[in-house]
Protein chains: 2
Amino acid sequence: MGVDLLFLGTSSGTPTRARNVTGLALLEETGKGWRLVDCGEATQHQVLRTPLSLHELRAIFITHVHGDHCYGLPGLLASAGMQGKQEPLEIIAPDGIEEWVRTTLRLTRTWLSFELNFHAAECLGEWRGDNLRVEAFALSHRVPCYGYSFTEARPDPRLDIDKLDRHGIPRGPLWGQLARGIDVQHEGRTLRSDDYLILTRPPQRMVVGGDNDRPELLAEACRTAQVLVHEATYTQAVANDARAAFGHSTAAAVATFAQSAGIANLVLTHFSARYQADPKRGLSIEAIRDEAAALYEGRLFLAEDFARFRLNWDGALRRVCTSNQ
Amino acid sequence: MGVDLLFLGTSSGTPTRARNVTGLALLEETGKGWRLVDCGEATQHQVLRTPLSLHELRAIFITHVHGDHCYGLPGLLASAGMQGKQEPLEIIAPDGIEEWVRTTLRLTRTWLSFELNFHAAECLGEWRGDNLRVEAFALSHRVPCYGYSFTEARPDPRLDIDKLDRHGIPRGPLWGQLARGIDVQHEGRTLRSDDYLILTRPPQRMVVGGDNDRPELLAEACRTAQVLVHEATYTQAVANDARAAFGHSTAAAVATFAQSAGIANLVLTHFSARYQADPKRGLSIEAIRDEAAALYEGRLFLAEDFARFRLNWDGALRRVCTSNQ
C-alpha cells in the first residue's frame with residue numbers, strides 16, 4: 001500500500017529517556033496523509049522530531065484506555081487546533097475515550113478548529129479511510145483492548161476496459177475518475193469505481209496489536225497479513241513473576257504465534273523499562289530478540305523510537321534510513 | 001529558604017524542539033522534597049532528565065486549566081503510582097482540575113498507590129507545606145488563573161532561650177523539638193514552636209505567576225519578594241496584533257511592573273514559539289530580553305528548559321551550573 005510504519009513510542013507503562021510510551025504512525029510513502037495508532041503522552045513532542053505534520057493527520061486509532069496509550073491525545077488535539085488544522089479528524093477508540101476527550105476539552109476550555117468524529121472500536125465493521133480498509137479485533141487485556149488491521153483497498157488497480165466497453169461507458173473523463181477510485185454519475189446511474197477496477201496483486205495488509213496476553217486472538221486478522229506489530233513486554237523469565245506479566249505477552253508467546261500463523265514479518269514493541277540497550281542499566285533488550293528468534297523463522301525486528309519500516313512489493317519489511325530526529 | 005528554581009518547560013501553548021510547555025520545580029537545595037508549579041504535557045519526561053524523583057514530589061500547584069499548564073498531570077501521577085510512590089501528594093489548583101484528574105483516572109482505569117489531596121486555589125488562605133508558606137493570588141487571564149508566593153516559614157531560626165526559661169520549660173528533648181519546628185505537649189498544654197523561635201533574618205520569598213495580562217495584580221504578593229517569575233509571551237510589537245496578546249503579558253509590561261515594584265530579580269518565561277534561539281528560524285528570543293532590559297534595572301533572566309537558579313543570602317538570584325540532562 002506504500003504505507004510506512006514510523007514508531008513514535010516503544011516503551012510500556014512509563015517513558016524512559018530512550019523510549020516514549022506507545023505511538024505508531026502509518027504514513028503513505030508518497031507523503032500526504034497519515035494515521036496514528038495509540039497516542040501516549042508526548043506523542044506530539046515525538047512528531048516534532050519527524051517530517052509528520054498534524055495538518056495531515058487523518059485518523060487516530062486507540063487500542064485501549066490505559067494512560068500510556070492515550071494521555072497524549074488532548075495535547076496533540078490542542079496543538080493541531082492552535083496550528084489551525086481544518087480537516088476533520090477521525091478517532092476510532094473503545095468505550096471511554098470519547099467521554100474522556102470531550103470532558104477534557106470542556107473542563108480545560110479548549111476549542112478545536114476542526115471536527116472530531118468518533119467511531120466505536122466495539123462495532124467498527126469494515127471502516128474505510130482513503131485507500132485503506134480497517135478492521136478492529138478484540139484482544140485480551142485487563143481492560144477492553146483492540147488490535148487493528150490495515151489493508152490496501154485497491155492495490156495497483158487497472159481499469160477493466162472490456163467491462164467498460166460492454167456497459168457502453170464512453171471513454172473520457174469518466175474513465176479517469178473511475179481509475180482514480182471515484183464513483184461517478186452516468187445517465188442517471190451511479191457507477192462504482194470498485195466495479196470497474198481489476199486488482200493486479202493481493203493487497204498489502206498489516207496488523208497492529210494492542211496490549212494483549214493472547215496473541216492467537218489475532219489469527220484471523222493475520223491470515224492474509226504480511227506484517228504483525230505486537231507488544232512483547234517481557235521475556236518468559238521475567239513474566240514468571242505473574243504480577244508483572246498480567247495482561248501482557250512475552251517475546252516467546254508472540255514469536256510462537258507468528259511462526260504458527262506463517263507471518264513473514266514480525267515487529268516487537270512496548271518493552272518493559274527494565275530492558276535497556278545498555279545492559280549495565282538493566283536487563284539487555286537483546287534478551288527479547290534472542291527469545292523470539294529461537295521460535296520464529298521470519299523477519300524479526302525490535303522497534304525503536306523513530307525507527308521507520310517499509311513493506312516492499314516482495315513482501316519483505318525493511319528498515320528505512322531516516323535522518324530527521 | 002535554600003530553594004532552587006529548576007525550569008522544566010518554558011514555551012507557551014505548544015512545545016517546541018527546544019522548550020517544553022510550562023513546568024517549574026522548586027526544590028530544596030539540600031535535596032529532599034520538591035514542589036512543582038504547573039505540569040504541562042511531558043513534564044514527567046523532563047523530570048527524567050533531572051535529579052528529581054517523583055517519590056520526593058510533595059505538592060503540585062496549578063495556575064489554571066489550560067492544557068499547556070496541566071495535561072502532564074495524569075501521566076505524571078500514573079508513573080509515580082507505577083513507581084510505588086507512598087507519600088500523599090497535595091494538589092493546589094483552581095476549579096476544574098480536581099474533577100478532570102479524578103474523571104481521567106476513573107475513565108482510564110488508573111489506580112494510584114498514594115493519596116491525592118486537593119486544595120482549592122480560590123480559597124487557599126495561607127497554606128503551609130514543610131518550611132514554606134504559600135499564598136495564591138488571582139490574576140487576569142482568559143480563564144481563572146492564580147500566581148503563588150513561596151515564603152520561608154522559619155528563616156534560620158534560633159530558640160528564644162530567655163522565653164523558654166521564663167515559661168519554665170525544662171531544657172532537654174522538648175527544646176530540641178521546638179528548635180526543629182515541632183509543636184510539643186508539656187504539662188497538658190501545647191507549646192507552639194513558632195512561639196519560641198526567633199527569626200534571624202527576613203524570610204526569602206519568591207512569586208511565581210501564571211498566565212496574566214495585568215502584572216500589577218501581583219503588587220501585594222511582590223511587596224517583600226526577592227524574585228518574580230512571570231510570563232512574557234510576546235514583545236510589544238507582536239502583541240500589537242491584539243488577538244495574539246489576549247490574556248498575556250509583554251516583556252515591556254512585566255519589566256515596567258517589576259521596576260516599579262522594586263523586585264531585585266526577574267525571571268521571564270512562557271515564550272511564544274515564534275521566538276527562537278536561532279533567529280533564522282523566527283524572531284530572536286533576544287528581542288524579549290532587550291525589551292525588558294530597557295525598562296528594568298534589576299537582575300534579569302530569561303528561563304530555559306533545565307536552567308536552575310538559586311537565591312543567595314545576599315538577595316541575588318544566580319544561575320547554577322548543572323550537568324544532568
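His270(A) has plenty of company in this predicted model: setting aside residues within four places in sequence, His270(A) is in contact with Thr10(A), Ser11(A), Ser12(A), Gly13(A), Thr22(A), Asp68(A), His69(A), Asp211(A), Glu231(A), Ala232(A), Thr233(A) and His248(A). You'll find His270(A) in the loop between S16 and strand S17 (275-276) of chain A. His270(A) counts as buried because its relative accessible area is 4%, and the cut-off is under 20%.

One of those contacts, Asp211(A), sits in the loop between strand S14 (205-208) and H7 of chain A. Asp211(A) is buried too, at 2% relative accessibility. Not counting residues up to four places away in sequence, Asp211(A) touches a set that includes His64(A), His69(A), His141(A), Cys145(A), Glu231(A), His248(A) and His270(A).

Asp211(A) takes part in these side-chain polar contacts:

| Side-chain pair | Distance |
|---|---|
| Asp211(A) and His69(A) | 3.3 Å |
| His270(A) and Asp211(A) | 3.2 Å |

Now for the record: an unreviewed UniProt entry has a "binding site" annotation covering Asp68(A), His69(A), Asp211(A) and His270(A). These residues are spread over 203 residues of sequence, yet they cluster in space, with a largest C-alpha distance of 10.7 Å.

Over to helix H10 (residues 251-261) of chain A, where the buried residues are Ala251(A), Ala252(A), Val254(A), Ala255(A), Phe257(A) and Ala258(A). Their cover includes helices H7 (219-222), H8 (236-239) and H11 (286-293), along with strands S15 (227-231) and S16 (265-269), from chain A. Just past H10(A), Gly262(A) adopts a positive phi of about 70°.

Technical notes:
Residues are numbered from 1 along each chain as its sequence is written. Chains are lettered from A and ligands numbered from 1 in the order in which they are written. This is a predicted model: local features need pLDDT of at least 70, side-chain atom pairs count only at pLDDT 80 or more; totals for chains, interfaces and linings use all residues. Side-chain values use heavy atoms; hydrogens and water are left out. Buried means under 20% relative accessible area, exposed over 50%, partly exposed in between (1.4 Å probe, protein chains only). Helices (H or I, at least four residues) and strands (E, at least two) are DSSP runs, numbered from the N terminus. Contact means heavy atoms within 4.5 Å. UniProt positions are given in the numbering used here, feature names are shortened, and annotations may be inferred rather than shown by experiment. A polar contact is a pair of N or O atoms within 3.5 Å; within protein, one must be able to donate a hydrogen and the other to accept it, and residues adjacent in sequence count only if both atoms are side-chain atoms.
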